[in-house]
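The following exercises are meant to be worked through with the coordinates open. Each task is followed by a solution that goes step by step.

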Amino acid sequence: MSDSVQPGEESSGVIKKFMFVNRKAPYGTIYALEGLEVVLISAAFDQDVSLAFVDDGVYQLVKGQQTKGIEAKNFSPAYRALEGYDIEKLYVEREALERRGLAEEDLLVDIQVLSSGELAELMASQDVVISF
Amino acid sequence: MKFGILVNEGPYTHEASDSAYLFTRAALEKGHEIYRVFFYHDGVNNATKYTEPPQDDRHIVNRWSKLAAEHGVDLVVCVAAALRRGIKDDLLAPGFRISGLGQLVEAGIQGDRLVVFGD
């Protein structure tokens with residue numbers, strides 16, 4: 001609706017590296033859901049977009065989410081749809097997974113597992129880092 | 001330098017809005033440009049005109065409005081986040097406007113730095 005790209009908005013041909021850093025569990029607070037909305041909008045701007053999952057943010061990607069009991073929408077299928085928006089650079093912090101007893105095969109998307117050091121380097125190379 | 005500012009928390013409950021305001025004011029005082037301040041998540045609650053804190057407290061909403069009036073700072077409230085929380089045009093304090101999330105992405109593209117204030 002009104003959340004699409006507005007007339008007059010433009011990127012002037014500039015392509016920047018945007019990284020969205022997801023730090024929170026998917027439910028309990030709205031950060032993950034509204035964060036994902038920004039990611040989807042950013043796809044319309046032809047930027048170099050990547051997503052990083054750290055801390056409890058790794059839970060956003062866990063397979064088999066069941067939200068009926070809390071009457072919240074299970075929005076995890078949307079992460080699978082990111083590919084269709086040409087958002088294919090997904091990174092997860094190895095240490096965050098390990099600390100929570102999770103492994104790559106528990107996650108619902110193809111993702112690159114990086115150490116916190118590697119992720120820090122990648123973050124440092126970004127133009128814009130937005131964390132939710 | 002040209003800054004974009006993102007405010008992700010509501011007023012009073014959380015210090016993020018205070019920090020964002022103090023940063024924005026300091027940047028302007030130093031001669032920097034503020035391309036836009038974007039209010040997201042509960043940050044949209046910074047824009048409501050019926051906010052009335054006790055008189056001995058800072059008025060967070062009016063403080064933003066004053067910054068807009070004096071320095072022409074563009075204060076943008078996310079439409080999706082605002083509607084979710086019952087905030088529409090007629091509730092906005094002076095200087096605020098409602099627009100889409102694209103305005104946040106644009107601030108990232110056009111600014112030299114995007115500074116995020118949140119939890």
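For the interface, two residues are taken to be in contact if their C-beta atoms, placed from the backbone, lie within 7 Å. The model examined here is predicted.

**Exercise 1.** Describe the contact between chain A and chain B, and state which elements of chain B supply the side that touches chain A.

*Solution.* Begin with the extent of the contact, which takes 23 residues from chain A and 18 residues from chain B. Next, assign the chain B side to its elements: α3 (79–84), α4 (102–110) and β5 (113–117) of chain B each supply at least two residues. The largest share, seven residues, comes from α4(B). Finally, sort this side of chain B by class, which gives 11 nonpolar residues, six polar residues and one charged residue.

**Exercise 2.** Establish the strand order of the sheet in chain A, and follow β1(A) to its partners.

*Solution.* The strands of chain A form an open sheet of five in the order β4-β3-β2-β1-β5, with parallel pairing. At the edges are β4 (112–114) and β5 (128–131) of chain A, each of which pairs on one side only. Neighbouring strands of this sheet are turned against each other by 25° on average, direction ignored.

Now take β1 (residues 17–22) of chain A, which pairs with β5(A) in the parallel sense over four bridges. Within this pairing, Phe18(A) has Val128(A) as its bridge partner, and Met19(A) has Val129(A). Towards β2(A), strand β1(A) is joined by six bridges, and the two strands run parallel; here the bridge partner of Lys17(A) is Asp48(A). The chain passes from β1(A) through α1(A) to β2(A) in a β-α-β crossover that is right-handed. As for its surroundings, β1(A) is mostly covered, with five of its six residues buried.

**Exercise 3.** Determine which strands stand at the edges of the sheet in chain B, and then place the helices that pack on this sheet.

*Solution.* The sheet of chain B is open and has five strands in the order β4-β3-β2-β1-β5, with parallel pairing. Because β4 (96–99) and β5 of chain B each have a single partner strand, they stand at the edges, and one side of each is left without a neighbour in the sheet. From one strand to the next, the twist averages 25°.

Inside the sheet, β2 (residues 33–39) and β3 (residues 75–78) of chain B pair in the parallel sense over three bridges, and Val37(B) stands opposite Leu75(B) in β3(B). Helix α1 (residues 16–29) of chain B packs on the sheet, where it touches β1 (2–7), β2 and β5 of chain B, and its direction makes about 165° with that of β1(B). Helix α4(B) also packs on the sheet, touching β1, β2, β3, β4 and β5 of chain B, with a direction that makes about 155° with that of β2(B).

**Exercise 4.** Locate Tyr12(B) and His41(B), and decide for each whether the residue is buried or partly exposed.

*Solution.* Tyr12(B) lies in the loop between β1 and α1 of chain B, and has a positive phi of about 70° although it is not a glycine. His41(B) is found in the loop between β2 and α2 (60–71) of chain B, and has a positive phi of about 50°, again without being a glycine.

To judge burial, recall that a residue is buried if 20 or more other C-beta atoms lie within 10 Å of its own, and exposed if 12 or fewer do. Tyr12(B) has 15 other C-beta atoms within 10 Å and is therefore partly exposed, whereas His41(B), with 25 C-beta neighbours inside 10 Å, counts as buried.

Methods. Residues numbered from 1 in each chain as written. Chains lettered and ligands numbered in written order. Predicted model: local features only at pLDDT ≥ 70, side-chain atom pairs only at ≥ 80, totals over all residues. Nonpolar A, V, L, I, M, F, W, Y, C, P; charged D, E, K, R; others polar. Pairing = 2+ DSSP bridges. Axes fitted to C-alpha atoms, helices over the stretch in contact; angles between N-to-C directions. Right-handed = clockwise from strand over helix to strand, strands pointing away.
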